[in-house]
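I opened the notebook to look up two things: how the nonpolar residues group together, and where the backbone takes positive phi values. The entries follow below the structure.

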Amino acid sequence: MTLHLYDTYERSLRPFQSIEPGKAGLYACGPTVYDYAHIGNLRTYLFVDGLRRVLEFNGLQVRHVMNITDVGHLTSDADSGDDKIAAKSARSGKSAWDIAAEFTSAFEGDLQQLNILPPTVWCRATDHIAEQIAFIRDLEGKGYTYRTGDGIYFDTTRQESYGRLARLNRDGLQAGKRVDLGEKRDICDFALWKFSGVPGQRQMEWDSPWGLGFPGWHIECSAMSEKHLGSYFDIHCGGEDHVAVHHSNEIAQTQARHGTRLANFWLHGAFLKTQDAKMSKSSGDFLRLHSLVQQGVDPLAYRYLCLGAHYRSSLNFSDKALQAAASGLSRLRASVLGLGAPGGEPDAAWLARFAAQLNDDLNFPRALAVAWELLKSELPDGVKKATMLRFDMALGLDLAHWQPAAVTMPPQVQAWMSQREAARQERRWSDADQLRTLARQAGYEIEDTPQGQQARAL
């Protein structure tokens with residue numbers, strides 16, 4: 001069974017075959033750690049995690065590299081404004097290094113709560129300054145750079161193919177430009193190295209062949225992905241907002257240095273939206289995972305919600321949708337727990353059905369539907385359980401470890417449970433159903449499991 005993935009570069013579904021048999025190199029653009037991640041950001045990392053899990057489900061050993069941008073990401077894609085972390089430092093009074101450490105730690109905590117597998121390699125931009133300088137020097141030697149008063153820039157006019165990833169209309173951009181280019185020669189040119197200005201004024205700055213300064217955002221990913229995966233690897237992914245600028249610039253740099261497009265496949269996840277508008281920090285529509293947890297939401301309910309939409313389709317977030325996902329996850333957990341212990345090998349036919357959906361461009365909504373069909377099937381419970389746990393290696397819902405929270409029940413509900421158990425023993429099914437209804441009206445659901453009756457608060 002062949003995995004097919006939608007490659008943004010080719011704008012088509014393509015059969016995936018790894019460059020090195022049995023292994024896959026995966027690079028994912030990580031966060032710029034100047035603030036907390038919002039749940040829209042986290043949808044992208046859930047997509048990346050799903051991709052990695054599907055690669056591993058197909059038997060591949062994945063080397064997953066994710067960057068931490070802790071310097072060089074300016075407040076404007078047009079290479080204007082200040083570094084985002086420096087700007088946060090100025091507002092907060094904390095050092096830029098402390099800002100980066102604080103929000104890196106918070107981001108890692110969010111990933112853990114969502115059961116997102118940690119990358120094989122975390123790489124920080126500030127740990128790879130030498131590699132970025134070497135990259136820029138190579139570009140300079142090949143004639144792809146020029147100097148302005150504020151930095152070293154990449155000359156995109158040297159490449160006829162520039163912007164192919166985004167299908168950019170360069171003539172249209174030139175005709176419609178409404179920005180002051182300053183010393184930039186072309187609207188698409190971008191900074192490789194920015195000068196510090198007054199020495200010692202910046203917290204994050206390094207010596208370079210061009211003077212004191214700091215790297216641009218795009219050179220970081222090209223240099224770090226090359227160091228950890230090579231100049232041509234299997235898959236590069238990120239959010240759809242990276243297509244037009246960040247990823248197009250990464251490709252341009254690597255084409256100039258090595259003659260490759262950096263990755264064989266380019267995958268992009270769609271936005272999370274609220275009321276059909278993109279969720280973003282800049283718009284002020286900023287909802288953290290921590291906020292949901294404080295409201296009593298299980299973080300994996302958000303994961304379940306994201307599983308219900310294809311990664312290339314936008315997803316509208318609402319409290320109603322999240323509540324429905326939480327209910328669905330609760331039913332799934334209870335159903336799997338009720339199967340008892342796994343017994344025997346996972347069922348091959350059901351695994352094939354599940355894998356067929358995963359391998360159709362990560363179609364998790366249909367794969368989840370297969371899981372629900374399995375639970376309703378006539379397979380023995382032990383085989384169902386073993387098969388579901390195998391499914392969960394891709395779903396990432398941690399079904400093997402879930403246990404219902406301990407519930408302190410009122411004495412009256414405990415009495416109804418005892419009476420119901422007696423009614424069931426005596427085959428008085430109508431009485432048993434009536435007692436269950438009374439408990440439900442009181443706010444408790446009585447469930448029958450292999451371990452006996454259990455109650456949970458509604």
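I call a residue buried under 20% relative accessible area, exposed over 50%, and partly exposed in between. I am working from a predicted model.

Entry 1, Asp 398. I looked up its phi, which is near 55°, a positive value in a residue other than glycine. I then placed Asp 398 in the loop between helix H13 (381-395) and helix H14 (411-425). Its relative accessible area is 31%, so I noted Asp 398 as partly exposed.

Entry 2, Arg 167. I found phi near 55° here too, again a positive value in a residue that is not glycine. Arg 167 sits in the loop that runs between strand E7 (151-154) and helix H5 (170-176). With a relative accessible area of 37%, Arg 167 counts as partly exposed.

Entry 3, the largest nonpolar core. I noted 124 residues in this core, and the members that touch the most others are Tyr 302 and Phe 391. Helix H1 (residues 39-57) supplies the largest share, 10 residues. As background, nonpolar side chains in soluble globular proteins tend to be buried together.

Entry 4, Phe 391. Which residues does Phe 391 touch, not counting those up to four places away in sequence? I listed Trp 350, Leu 351, Phe 354, Val 370, Ala 371 and Leu 374.

Entry 5, the second core. I found a separate core of 9 residues, and among its members are Trp 416, Leu 435, Tyr 444 and Ile 446.

Terms used:
Residues numbered from 1 in each chain as written. Predicted model: local features only at pLDDT ≥ 70, side-chain atom pairs only at ≥ 80, totals over all residues. Heavy atoms only, no water. Core = buried A, V, L, I, M, F, W, Y, C linked by side-chain atoms within 4.5 Å. Buried < 20%, exposed > 50% of the residue type's maximum accessible area, 1.4 Å probe, protein only. Helix = DSSP H or I, 4+ residues; strand = E, 2+ residues; numbered from the N terminus. Contact = heavy atoms within 4.5 Å.
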